[in-house]
Amino acid sequence: MKRMSTILAVSIAMTTFTGPALAAEHGEVSKVISKQEQQKMINVAHRGASGHAPENTMGAFQKGFEMKADYIEIDVQMTKDGELVVIHDTTVDRTTDGTGKVGNLTFEEIRQLDAGSWFSEAYAGEQVPTFEEVLDAFRGKVGILIELKAPELYPGIEEKIADALIERNMNKSNNGKVIMQSFNHESMKKSKELLPNLPHGVLAGAGWANVTEEQLAQFAAYADYFNPTMNIVTEELVSDVHEAGMEIYPYTSRSQEQAFRLFDLGVDGIITDYTEHVYYHPVKNQ
Ligand code: G3P
Ligand code: CA
């Protein structure tokens, strides 16, 4: 899957949600494009559909699935007693009613926390999911982009994650249904050895704004994706990533305008809190 080759950009009109209206508001002429063309922009629901439901909960993942994201993105960490759990911060403070570091709490302690009320009372009682629960609920239904969050804090997490995938035969083929990624690039090298048939990605923060072609070539030795903060994405970066043989899914789009900009730059996928923003392609150069 590579970026759209046409200069005559088009606007996607999916059958659900308010896309055509959004495109019109964007002030651009649009036409419906084919399903095949639509599928060229990969739509990743960041921490689930986290603009609509509390991040990294089953509710957010279900919402992402219902909104027809291509992937749900999940952040995996490990409890004090070795359970893999899905939560973004290295403490539970922001997204639950508890306090403390994920790695200092037992699974039982984390499981008692309310991970939904901070977002909305409608989600009161949501729990911090386990990694295996997410795999079992969503495999075969939607792709899963698995981020190893701060793996340096959790020795052995790469093996535990690999074991869970292998147990479920989710390591077998490079079919795009599971992608591994991390800001910790050494962790990705290790994971690639454990899961050689799964695609891996390197996450890149603002410090990688001037990443060189040589560095990209080094990443490409074990990675299939270079996924940077959207703030450093330029046409040149997209081109360099493609030249290196990788794809690029920037994070994290939170407005329609940001998604449109990424479409224009020719990225392969968009990691977004608002799945509905990635249904549509802006019209340019008419
Ligand atoms: O998928 C990439 C993105 O999730 C990385 O940033 O902080 O949201 O985990 P963060
Ligand atoms: Ca993440």
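Trainee: Let's start at the metal. Why is the arrangement of the six donor atoms around the calcium ion (ligand 2) irregular?

Mentor: Look at the angles that the donor atoms make at the metal. Six donors pass as octahedral only if opposite ones are over 155 degrees apart and all others fall between 65 and 115. Here the angles run from 43 to 172°, so the arrangement around the calcium ion is irregular. Keep in mind that this is a predicted model.

Trainee: Okay, and which protein residues coordinate the calcium ion (ligand 2)?

Mentor: For that, check which side-chain oxygens reach the metal. Glu-73 is listed twice through OE, along with Asp-75 through OD and Glu-147 through OE, at 2.1 to 3.2 Å.

Trainee: How are those donor residues of the calcium ion spaced in sequence?

Mentor: Read the pattern as letters with gaps: it goes E-x1-D-x71-E.

Trainee: Is Glu-73 buried or exposed? And what about Asp-75, buried or exposed?

Mentor: Compare the relative accessible area with the cut-off: under 20% is buried. Glu-73 comes in at 2%, so Glu-73 is buried. Asp-75 has 0%, so Asp-75 is buried too.

Trainee: Let's move to the other ligand. Which residues surround ligand 1?

Mentor: Just gather the neighbours. Among them are Glu-73, Asp-75 and Glu-147, names you'll remember from the calcium site. The shell around ligand 1 also includes His-46, Arg-47, His-88, Lys-149, Phe-183 and Tyr-251. Sorted by class, that shell has five charged, four nonpolar and three polar residues.

Trainee: Which side chains have polar atoms that lie a short listed distance from an oxygen of ligand 1?

Mentor: Look for N or O pairs. The side chain of His-46 puts one of these atoms 2.6 Å from a ligand 1 oxygen. For His-88 the distance is 2.7 Å, and for Lys-149 it is 2.8 Å. Overall, the protein covers 91% of the 290 Å² of accessible area that ligand 1 has on its own.

Trainee: Last topic: how many salt bridges are there?

Mentor: Look for Lys or Arg nitrogens paired with Asp or Glu oxygens; the count comes to 14. One of them joins Lys-189 and Glu-186, with the closest N and O atoms 3.1 Å apart.

Trainee: What about Glu-167 and Arg-168?

Mentor: Their side chains meet in a salt bridge at 3.7 Å, N to O. Now add accessibility to the picture. With 60%, Glu-167 is exposed, whereas Arg-168, at 13%, counts as buried.

Trainee: And which residue does Asp-136 pair with?

Mentor: Asp-136 bridges to Arg-139, the closest N and O atoms being 3.9 Å apart. Asp-136 has a relative accessible area of 45%, so it is partly exposed. Arg-139 is also partly exposed, at 38%.

Methods:
Residues numbered from 1 in each chain as written. Chains lettered and ligands numbered in written order. Predicted model: local features only at pLDDT ≥ 70, side-chain atom pairs only at ≥ 80, totals over all residues. Heavy atoms only, no water. Donors = N, O, S within 2.8 Å, 3.2 Å for Na, K, Ca; no water. Tetrahedral: all angles 85-135°; square planar, octahedral: opposite > 155°, others 65-115°. Buried < 20%, exposed > 50% of the residue type's maximum accessible area, 1.4 Å probe, protein only. Near = heavy atom within 4 Å. Polar contact = N/O pair within 3.5 Å; in protein donor to acceptor, adjacent residues only side chain to side chain. Areas by Shrake-Rupley, 256 points an atom, 1.4 Å probe, with all protein chains shown as cover. Nonpolar A, V, L, I, M, F, W, Y, C, P; charged D, E, K, R; others polar. Salt bridge = Lys/Arg side-chain N within 4 Å of Asp/Glu carboxyl O.
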